[in-house]
Amino acid sequence: MKIAIITETFLPSTDGVVTRLKESIKYLQSQEHQVVVIAPDLGVKEYEGAIVEGVKATKLPFYRSKEFSLPQRKVKDLLQKHNPDLVHVVNPAIVGVSGVYYANKLNYPLIASYHTHVPKYLDFYRLYPFKPLVWWYFRKLHNYAHVNLCTSQAIKTELDDKNFHNVNVWDRGVAVDHYHPKHKTKEMRERLSGGKPENKLLVFVGRLAPEKEIQKIRPLLDQRDDLSLAIVGDGPVKDELEYTFEGTNTVFTGLLHGEELREAFSSSDALIFPSVTETLGLVILESMASGLPVIAAKSGPTMEQVEDGKTGILFENENTDSMIDAINRLEDEVLYKYLCKNARAEAEKHSWQKPSEQILDYYHETLRVFGENEEYSTKKSKVKVTE
């Protein structure tokens with residue numbers, strides 16, 4: 001079949017959504033399906049044999065570190081040009097609105113996936129009074145779709161409670177051969193620890209944005225001089241965070257890719273994950289595949305991935321003492337080795353093969369639901385004509 005994927009983010013951007021899409025596209029193309037990606041125009045024209053159609057991108061006033069595409073008629077033109085069998089709108093919010101609208105207007109089977117917990121983000125941008133409106137907006141967009149996906153059971157429960165229709169869980173995955181403990185190097189540890197490789201080295205990997213709550217880590221560094229923190233990533237609050245962590249054993253690396261990112265994971269002692277706004281958090285599995293235990297704030301999605309005392313240590317959100325206690329538990333050498341071993345073993349259960357096969361199953365389910373709806377509409381029309 002021919003599949004049009006309309007997404008708010010794609011290469012050369014790096015995030016969990018892009019990682020998932022790359023793996024899905026590789027699998028779909030290997031199964032001889034055709035994929036067309038409609039995404040913000042950032043210069044990429046092709047990926048693994050899939051055509052990438054760029055639409056005009058611009059920087060938004062409230063998020064200057066990344067370019068987005070606004071709703072536009074060109075999406076309709078591209079859908080008509082490629083005439084897909086099915087449309088998958090990934091994270092409909094801005095240009096995805098055009099994907100939802102024109103897929104329905106042109107009568108294409110539509111599947112939509114929910115990856116970014118925007119209503120939750122509003123708490124961190126002083127926009128919480130708008131949460132009911134934002135929930136209404138996303139529910140309206142997703143309920144045009146014949147099938148909806150999300151990335152964790154916790155988020156599915158929340159979307160079900162908010163009356164999103166036909167929500168299913170799209171399983172998590174990780175490149176288990178790509179991320180591995182073998183990538184550990186002395187040079188990377190020296191770099192990430194700020195020249196103090198003997199320190200306990202924590203790593204944060206992700207977008208530097210308010211909803212990631214990275215500033216919550218600061219008390220750890222005030223408490224213990226033998227801790228170092230590496231913050232890997234970029235984003236709108238980088239300057240603020242550099243000020244917040246000034247005078248501590250903290251290194252800001254900027255964005256890392258490929259071998260450098262693999263080495264960053266493997267050369268650290270644990271991943272620190274303070275956010276409770278994620279719909280999943282793919283870096284959790286990437287760190288576990290690298291043999292790192294995860295120190296994470298308790299939330300539905302993190303508790304689905306991290307088993308306390310087995311693959312990582314969970315702490316109570318907004319509780320500094322709980323977070324400090326979690327880090328202190330890493331001093332138990334027997335426990336630490338146990339966590340590292342189990343983290344890798346757990347990650348090995350979650351290669352990208354299953355989620356990639358799963359998305360194809362959901363595409364077939366979308367076609368089935370669409371066909372049933374068409375059949376129902378036809379019967380309804382015939383009844384009206386008879387009456």
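1. Strand S2 (residues 34-40) is largely enclosed by the rest of the structure, because six of its seven residues are buried, where buried means under 20% relative accessible area, exposed over 50%, and partly exposed in between (1.4 Å probe, protein chains only). Helices (H or I, at least four residues) and strands (E, at least two) are DSSP runs, numbered from the N terminus. The model is a predicted one, in which local features need pLDDT of at least 70 and side-chain atom pairs count only at pLDDT 80 or more, while totals for chains, interfaces and linings use all residues. Residues are numbered from 1 along each chain as its sequence is written, and side-chain values use heavy atoms, with hydrogens and water left out.

2. S2 belongs to an open sheet of eight strands with mixed pairing, in the order S3-S4-S2-S1-S7-S8-S9-S10; two strands are taken to pair if DSSP finds at least two bridges between them. The edges are formed by strand S3 (46-47) and strand S10 (167-169), each of which pairs on one side only.

3. On one side, S2 runs parallel to strand S1 (residues 2-7), to which five bridges join it, with Ala4 opposite Val36 and Lys2 opposite Gln34. Five bridges also join S2 to strand S4 (residues 50-55), again in the parallel sense, and here Val37 has Val52 as its bridge partner. S1, H1 and S2 together make a β-α-β unit that is right-handed, in the sense that, with the strands pointing away from the viewer, the path from the first strand over the helix to the second runs clockwise.

4. Within helix H1 (residues 16-30), Glu23 and Lys26 are three residues apart and therefore separated by about one helical turn. Their side chains meet in a salt bridge at 3.5 Å, N to O, the term being used for a side-chain nitrogen of Lys or Arg within 4 Å of a carboxyl oxygen of Asp or Glu. Glu23 is buried, at 18% relative accessible area, whereas Lys26 is partly exposed, at 33%.

5. The structure holds 24 salt bridges, and two further pairs can be set beside the one in H1. Arg191 and Glu260 have their closest N and O atoms 2.9 Å apart in a salt bridge, and this pair links distant parts of the chain, Arg191 lying in helix H7 (residues 186-192) and Glu260 in helix H10 (residues 258-266), 69 residues apart. Both partners are partly exposed, Arg191 at 36% and Glu260 at 34%. In the salt bridge between Glu211 and Arg207 the closest N and O atoms are 2.6 Å apart; Glu211 is buried, with a relative accessible area of 1%, while Arg207 counts as partly exposed at 27%. Arg224, Asp226 and Glu331 are joined into one network by salt bridges that share partners.

6. Strand S14 (residues 270-273) has Ala270 and Ile272 pointing one way and Leu271 and Phe273 the other way, and all are buried. S14 pairs in the parallel sense with strand S11 (residues 200-205) over two bridges, and it is joined by three bridges to strand S15 (residues 294-297), which also runs parallel to it. Leu271 takes part in both pairings, as the bridge partner of Val203 and as the residue opposite Val294 in S15. From S14 the chain crosses through helix H11 (residues 282-289) to S15, and this β-α-β crossover is right-handed.

7. The largest nonpolar core (buried Ala, Val, Leu, Ile, Met, Phe, Trp, Tyr and Cys residues joined through side-chain atoms within 4.5 Å) has 30 residues, and those with the most contacts inside it are Ile38, Leu79, Val87 and Leu159. Leaving aside neighbours within four places in sequence, Val87 is in contact (heavy atoms within 4.5 Å) with Ala4, Ile6, Leu79, Ala103, Tyr108, Pro109, Leu110 and Ile111. A second, separate core of 29 residues includes Leu202, Ile231, Ile313 and Leu330.

8. Thr248 is found in the loop between helix H9 (238-244) and strand S13 (250-254), and is buried, with a relative accessible area of 17%. The side chain of Thr248 makes a polar contact with that of Thr250 at 2.7 Å; such a contact is a pair of N or O atoms within 3.5 Å, where within protein one must be able to donate a hydrogen and the other to accept it, and residues adjacent in sequence count only if both atoms are side-chain atoms. Not counting residues up to four places away in sequence, Thr248 touches Arg218, Leu221 and Asp222.
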